[in-house]
Amino acid sequence: MQTAERVEYSNLEADVIAWMKGHVAQVKEDFGEGEAYAEAVRLLDDDPWQALQWYVEDVRRGLKTAGV
């Protein structure tokens, strides 16, 4: 996971992949397996930059919540 002081670029790919797995699992829980599959394909094939953007937004939100 990233911190406010320093971005660990060497871990960024693994962190984003872990975030995507959690995101797709949440989509599956909320909307079903078909929607989760569609979301995974969309993020991986059609719009990988969207996954990175959402990951960064979630990290920032978490840091604000933690008071960092």
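User: Which residues are linked in a network of salt bridges?

Analyst: The general idea comes first. Side chains of opposite charge can pair when their charged atoms come close. In this predicted model, the network of salt bridges links E39, R42 and D47. One of its pairs is E39 with R42, whose closest N and O atoms are 3.2 Å apart. In the other pair, the side chains of R42 and D47 meet with an N to O distance of 4.0 Å. R42 thus appears in both pairs.

User: Where do E39 and R42 lie with respect to helix α2?

Analyst: Both residues are in helix α2. They are 3 residues apart, which corresponds to about one turn of the helix.

User: Is E39 buried or exposed?

Analyst: The class is read from the relative accessible area, and under 20% is the cut-off for buried. E39 has a relative accessibility of 13%, so E39 counts as buried. Its partner R42 has a relative accessible area of 26% and is therefore partly exposed. D47, at 27% relative accessibility, is also classed as partly exposed.

User: How many salt bridges does the count come to?

Analyst: The count comes to 3 salt bridges. Beyond the network there is the pair R61 and D58, whose side chains meet at 2.6 Å, N to O. R61 and D58 belong to helix α3 (residues 48–66), and because they are 3 residues apart, about one helical turn separates them. R61 is partly exposed, with a relative accessible area of 47%, and D58 is partly exposed at 31% relative accessibility.

User: What is the pattern of the protein along the sequence?

Analyst: Along the sequence, the pattern reads α-α-α. The protein has 3 helices and 0 strands. Its C-alpha atoms fill a box of roughly 40 × 25 × 15 Å along the principal axes. Of the 68 residues, 25% count as buried. Among contacts between residues at least 6 apart in sequence, 50% join residues at least 24 apart.

User: At what angle do the axes of helix α1 and helix α2 cross?

Analyst: Two packed helices are described by the angle between their axes and the distance between the axes. For helix α1 (residues 9–31) and helix α2 (residues 33–46), the axes come within 7 Å and cross at roughly 150°. An angle over 145 degrees counts as roughly antiparallel, and α1 and α2 are therefore roughly antiparallel to each other. The crossing of α1 past α2 is right-handed.

User: Which residues in α1 meet which residues in α2?

Analyst: On the α1 side the residues are M20, H23, V24, V27, K28 and F31. They meet E33, E35, A36, E39, A40, L43 and L44 in α2. By class, this contact has 8 nonpolar, 1 polar and 4 charged residues. E39, a member of the salt-bridge network, is among the α2 residues of this contact.

User: How do the axes of α2 and α3 cross, and what comes of that angle?

Analyst: The axes of α2 and α3 come within 5 Å and cross at roughly 105°. That angle makes α2 roughly perpendicular to α3.

User: Which residues in α2 meet α3?

Analyst: The α2 residues are E39, R42, L43, L44, D45 and D46, and they meet P48, Q50, A51 and W54 in α3. The residues of this contact divide into 5 nonpolar, 1 polar and 4 charged. E39 and R42, which form a salt bridge with each other, are both among the α2 residues that meet α3.

Technical notes
Residues numbered from 1 in each chain as written. Predicted model: local features only at pLDDT ≥ 70, side-chain atom pairs only at ≥ 80, totals over all residues. Heavy atoms only, no water. Axes fitted to C-alpha atoms, helices over the stretch in contact; angles between N-to-C directions. Helix = DSSP H or I, 4+ residues; strand = E, 2+ residues; numbered from the N terminus. Parallel < 35°, antiparallel > 145°, perpendicular 65-115°, else oblique. Left-handed = near helix turned anticlockwise from the far one by under 90°. Contact = heavy atoms within 4.5 Å. Nonpolar A, V, L, I, M, F, W, Y, C, P; charged D, E, K, R; others polar. Buried < 20%, exposed > 50% of the residue type's maximum accessible area, 1.4 Å probe, protein only.
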